[in-house]
Amino acid sequence: HMEKTLAMIKPDGVFGNYTDRIKNAILGSGFSIFKEMIVQLDEDSAATFYAEHSSKSFYSSLVKYMTSGPVLVMILEKENAITDWRALIGPTDTHKAKITHPHSIRAMCGLDSEKNCVHGSDSTQSAQREISFFFKDMFAGGVATEH
Ligand code: CMP
């Protein structure tokens, strides 16, 4: 079924000039970009977005990294968008991605486990929460899937 997911190009991806290459990979894989927006996250919003990681050792570093520059957030739409976007970006750890998923986006532009260039929602619930986080008028009281 048609789904929407949240994709994000993180500060290292934006600074590294990977935006066009990532968008080409997105469109070349059959996704459409339903909405997009450039955002500078502040500490509060980054901390809230990543609240599920608040107990992790890398949390404060993650918040610092995610506020280090602008991010590009996109709502992607496609059949099975959530799973397919996660597959296209590859594993969290860029070093692993380069070995096991050499054609993935993280293998192309990620730097390490933290500065891994892109984000993708990991479930229907996450997609709905993350889309609503950035695009507040979307799915008010609804779900992040259609059709
Ligand atoms: P993502 O999986 O999109 O969301 C959680 C983020 O936390 C992850 O991308 C990385 O940016 C970061 N992260 C995950 N694991 C580590 C780690 N071991 N060390 C540092 N950062 C991490």
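**Close-up 1. I105 and the residues it touches.** In this predicted model, I105 is in contact with I22, A25, L88, I89, G90, C117 and V118, once its neighbours within four places in sequence are set aside. I105 is also one of the residues with the most contacts inside the largest nonpolar core. Its contact partner V118 is another residue on that short list.

**Close-up 2. The largest nonpolar core.** Here we're looking at a set of 32 residues, where L6, M8, L76, I105 and V118 have the most contacts inside the core. Which elements give two or more residues to it? They are the strands β1 (2–9) and β3 (71–79), plus the helices α2 (19–28), α4 (59–66), α5 (81–89), α7 (105–109) and α8 (124–134). Strand β3 gives the most, with 6 residues.

**Close-up 3. β3 and its pairing with β1.** These two strands run antiparallel and are joined by 8 bridges. To find your way along the pair, start from E3, whose bridge partner in β3 is K78.

**Close-up 4. β3 again, this time with β2.** Strand β2, covering residues 32–39, also pairs with β3 in the antiparallel sense, here over 7 bridges. A handy landmark is S32, which has E77 as its bridge partner in β3. Put this view next to the previous one and you have β3 bridged to β1 and to β2.

**Close-up 5. The shell around the ligand.** Which residues surround the ligand? They are H53, F58, L62, T92, S113, E114, N116 and H119. By type, this shell divides into 5 polar residues, 2 nonpolar and 1 charged. The nonpolar ones are F58 and L62, and the charged one is E114.

**Close-up 6. Stepping back to the whole chain.** The chain has 8 helices and 4 strands, and reading along the sequence gives the pattern β-α-α-β-α-α-β-α-α-α-β-α. Its radius of gyration is 14 Å, close to the 15 Å that the globule rule gives for 147 residues, so the chain is as compact as a globular protein of that length. Taken along the principal axes, the C-alpha atoms fill a box of roughly 40 × 35 × 25 Å. Of the 147 residues, 35% count as buried. As for how the fold is wired, take the contacts between residues at least 6 apart in sequence: 66% of them join residues at least 24 apart.

Note on methods. Residues numbered from 1 in each chain as written. Predicted model: local features only at pLDDT ≥ 70, side-chain atom pairs only at ≥ 80, totals over all residues. Near = placed C-beta within 6 Å. Nonpolar A, V, L, I, M, F, W, Y, C, P; charged D, E, K, R; others polar. Core = buried A, V, L, I, M, F, W, Y, C linked by C-beta atoms within 7 Å. Buried ≥ 20, exposed ≤ 12 C-beta atoms within 10 Å, placed from the backbone. Contact = placed C-beta atoms within 7 Å. Pairing = 2+ DSSP bridges. Rg over C-alpha atoms; globule rule 2.2 N^0.38 Å.
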